[in-house]
Protein chains: 2
Amino acid sequence: MSTIRDVARLAGVSISTVSLTLNTPERVATETRRKVAEAAEAVGYSADPIAQSLKRGRSRLIGMVVSDITNPFFGRFLQEIERHAMAADHLVIVSDTSSQIRNEIAILRHLAAQRVSGILLQPTGPMTGPSDHIRQLSMPFVLFDHRLDGVESDFVGADNALASSMLTEHLIRLGHRRIAFLGGTSGLYTAEERKRGFLATMAASGVPADPAIVVDARYDGRHGYEQTMRLMTGPDRPTALIAASNVIALGALQACNELGIACPAEVSLAGIDDVPWAAVVQPRITTAVQPIEDLARTASELLMRRITAPPGTVIDRSEIILAPEIRLGGSTARPA
Amino acid sequence: MSTIRDVARLAGVSISTVSLTLNTPERVATETRRKVAEAAEAVGYSADPIAQSLKRGRSRLIGMVVSDITNPFFGRFLQEIERHAMAADHLVIVSDTSSQIRNEIAILRHLAAQRVSGILLQPTGPMTGPSDHIRQLSMPFVLFDHRLDGVESDFVGADNALASSMLTEHLIRLGHRRIAFLGGTSGLYTAEERKRGFLATMAASGVPADPAIVVDARYDGRHGYEQTMRLMTGPDRPTALIAASNVIALGALQACNELGIACPAEVSLAGIDDVPWAAVVQPRITTAVQPIEDLARTASELLMRRITAPPGTVIDRSEIILAPEIRLGGSTARPA
DNA sequence: TTGAAAGCGCTAACAA
DNA sequence: TTGTTAGCGCTTTCAA
């Protein structure tokens with residue numbers, strides 16, 4: 001690799017002139033600019049990002065931290081983020097916390113040490129959980145998907161309450177009254193919001209939900225399966241199920257299949273989050289899908305806005321909540 | 001952040017002694033070692049990875065480059081890699097080439113500039129495609145999943161030929177003779193291997209495959225769908241389908257569903273690669289699954305072995321091919 | 001066993 | 001408009 005020195009020598013100027021030319025060309029004479037450009041081209045120069053990072057105290061890396069990278073939602077999200085980052089000449093460091101706050105803390109420390117220019121964080125733990133390690137972050141960051149009390153920051157997420165409201169309303173309109181809710185992990189922002197939307201819409205419709213069939217399935221396929229087994233074999237079984245996530249819906253569907261309970265003839269099923277296998281399952285599941293590309297683009301933009309702002313700029317905090325889209329499938333029908 | 005200077009001052013030694021203590025403690029007097037350790041503890045010192053990278057010419061970052069990060073196979077793979085990397089105190093930069101060789105070239109250049117300590121690469125393009133940009137890599141790297149002619153390197157992958165052989169044999173044993181193969185993108189290593197295993201097993205069984213029903217579905221759901229539509233509506237339709245990947249199987253199943261062709265009553269379906277939705281699809285699809293954790297662990301180990309080897313060490317190249325596992329489902333049965 | 005000093009490649013304040 | 005110079009924080013000769 002050639003260094004700034006090689007370019008300077010070949011162009012017959014000092015290294016600071018080369019640096020100046022590359023960083024603020026308008027402050028350099030046109031003729032000099034040309035000479036430097038030619039020399040740089042000739043030796044195939046490109047600045048060493050590590051030296052730049054050391055000097056500037058900031059690298060051209062972005063951190064993306066999520067609770068479970070195998071969730072297809074985050075896979076798609078990551079792909080978009082990476083695309084935007086590359087366009088802005090940044091690389092993306094990805095880290096998976098496995099929903100463990102101590103992992104999150106360790107990872108953020110590593111990212112800080114690497115002087116990443118910004119962080120996209122899907123925080124783990126309950127909304128009211130510890131957040132000092134986030135609040136103390138010295139670089140720009142944007143929270144997404146999961147909100148956290150006590151952290152003043154940009155936030156991008158889908159309207160989780162609206163997602164379950166849409167599904168609930170759809171089921172009520174079809175004539176369902178006894179609707180079960182397979183919730184996400186209690187205490188998590190998205191889980192609480194999704195439950196809230198469900199309960200509010202039920203109440204508004206004059207058929208308040210029966211607490212006995214509003215359960216916690218922990219955003220987890222196994223719990224989705226087990227809870228559905230319990231609900232569908234118990235007394236007074238529901239005529240419809242709303243799953244708070246794609247993996248829960250997966251478990252629920254499996255349970256119904258195994259019990260020989262036909263969907264939608266005997267039970268309607270709707271879920272939140274897109275599922276890559278939606279097209280292949282018969283019947284196709286009715287889902288409220290999050291606008292992943294929009295979420296990722298917005299998060300990128302908010303982060304880049306802060307990264308590229310001149311130091312000292314004060315930028316108002318943005319909270320962007322995007323509406324989900326309901327995709328009707330054959331899994332929801334009038335109750336028997 | 002405190003620097004090495006702060007530690008030196010507090011411990012009453014020079015900065016080189018601090019560095020020595022941290023890097024090669026055995027070369028430092030016990031008493032000095034203690035003083036330095038205490039001082040470091042007291043000021044909460046931790047070495048700046050960027051300064052280390054600049055000096056050492058090597059960062060504690062690992063690059064992982066794949067063609068499509070949304071593929072669940074790579075999602076799982078990444079998760080494992082990230083876990084192993086963290087254990088070795090490395091962060092992972094992830095990049096998606098979208099199967100474009102020019103992206104791959106650009107990304108490898110970026111990773112080289114970041115002085116990553118190693119790269120895990122699932123190379124894109126045909127086996128005989130350009131590979132200069134890979135061969136010229138100055139840091140350790142391991143290819144995985146997809147092999148490349150002309151690159152002498154460690155390689156980790158599943159036995160792709162065996163995967164389709166197993167499925168083919170299973171179908172033949174059930175009595176199928178007219179078996180269609182929905183192949184991956186022509187020219188790609190995995191695609192050719194999977195096809196080869198199919199053809200070899202067919203030939204060995206004395207019922208050579210009909211070229212008319214050995215098609216290219218390009219590792220793509222849409223092509224899987226379209227090719228299946230064509231095959232199943234054409235003359236002399238096959239009694240069984242083998243899909244070269246999970247997404248192809250997805251498309252094939254969708255096509256059969258839409259055509260009203262019952263599986264396995266009217267057609268058997270088997271595929272390569274695990275599918276997260278396997279449990280939910282009725283019937284459960286027979287698959288040959290790659291041992292993802294083993295693949296990822298092996299790749300990590302091979303890479304780390306090179307990264308941690310003293311400079312100048314010659315390490316023989318390893319090619320590790322792991323056997324897939326066949327998981328029988330209800331999607332394969334005797335032909336009608 | 002420890003310290004002084006050079007320097008990795010770059011940026012930026014300051015001087016010319 | 002350009003050059004000199006002092007570092008960013010660390011590792012690593014080399015000398016003491």
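## V151(A) and its surroundings

Let's start with one residue in chain A. V151(A) sits in the loop that runs between β4 (141-144) and β5 (154-158) of chain A. Keep in mind that this is a predicted model. V151(A) has a relative accessibility of 6%, so it counts as buried, the cut-off for that label being under 20%.

What does V151(A) touch, once residues up to four places away in sequence are set aside? Its contacts are S131(A), I134(A), R135(A), F141(A), L143(A) and R317(A). You can also look from V151(A) to T128(A): these two are 23 residues apart along the chain, and their C-alpha atoms are 9.9 Å from each other.

## How chain A is divided

Stepping back, chain A comes in three parts: domain 1 (4-47), domain 2 (57-157 + 292-322) and domain 3 (160-290). Domain 2 is written as two stretches of the chain, 57-157 and 292-322. If you go from the C-alpha centre of domain 1 of chain A to that of domain 3 of chain A, you cover 63 Å.

## Two chains, one rotation

Now for the pair. Turn chain B by 180°, with 0.0 Å of shift along the axis, and it superposes on chain A with an RMSD of 0.1 Å. That is why the two chains can be described by a two-fold axis. Both copies use the same surface, too: 100% of the contact residues of chain B turn up again in chain A.

Which residue of chain B comes closest to the rotation axis? That would be I93(B), whose C-alpha is 2.1 Å from the axis.

## The second largest pocket

Next up is some open space. The second largest pocket holds about 1400 Å³. Its lining is made up of 41 residues, and those closest to the centre are Y45(B), S46(B), A47(B), D48(B) and P49(B).

Both chains have helices here. From chain A there is α6 (101-113), and from chain B there are α1 (4-11), α2 (15-23) and α4 (49-56), each giving at least two residues to the lining of this second largest pocket. The top contributor is α6(A), with 7 residues. Sorted by class, the lining of the second largest pocket has 18 nonpolar residues, 14 polar ones and 9 charged ones.

## A residue on helix α2

One of those helices, α2 of chain B, is home to L20(B). Is L20(B) buried, exposed or partly exposed? With 30% relative accessibility, L20(B) counts as partly exposed, because that label covers values between 20% and 50%.

Leaving out residues up to four places away in sequence, L20(B) touches P25(B), R27(B) and V28(B). Further along the same chain is R33(B), 13 residues from L20(B), with 9.3 Å between the two C-alpha atoms.

## The enclosed spaces

Finally, the cavities. How many of 30 Å³ or more does the structure hold? There are 5, and the largest cavity has about 70 Å³ of space.

Residues of both chains line this largest cavity: P49(A), I50(A), S53(A), S59(A), L61(A) and Q114(A) on one side of the list, and I50(B), S53(B), S59(B), L61(B) and Q114(B) on the other. Helix α4 (49-56) of chain A and α4 of chain B each supply at least two residues of that lining, and α4(A) gives the most, with 3. By class, the lining of the largest cavity splits into 5 nonpolar and 6 polar residues, with no charged ones.

Methods:
Residues numbered from 1 in each chain as written. Chains lettered and ligands numbered in written order. Predicted model: local features only at pLDDT ≥ 70, side-chain atom pairs only at ≥ 80, totals over all residues. Heavy atoms only, no water. 1 Å grid on protein atoms, 1.4 Å probe; cavity = no way out; pocket = protein on both sides within 12 Å on 5 of 7 lines; lining within 4 Å. Points joined across faces, edges and corners; volume = space filled by probe spheres on them. Helix = DSSP H or I, 4+ residues; strand = E, 2+ residues; numbered from the N terminus. Nonpolar A, V, L, I, M, F, W, Y, C, P; charged D, E, K, R; others polar. Least-squares fit on C-alpha atoms with pLDDT ≥ 70 in both. Contact = heavy atoms within 4.5 Å. Buried < 20%, exposed > 50% of the residue type's maximum accessible area, 1.4 Å probe, protein only. Domains from an automatic or database assignment.
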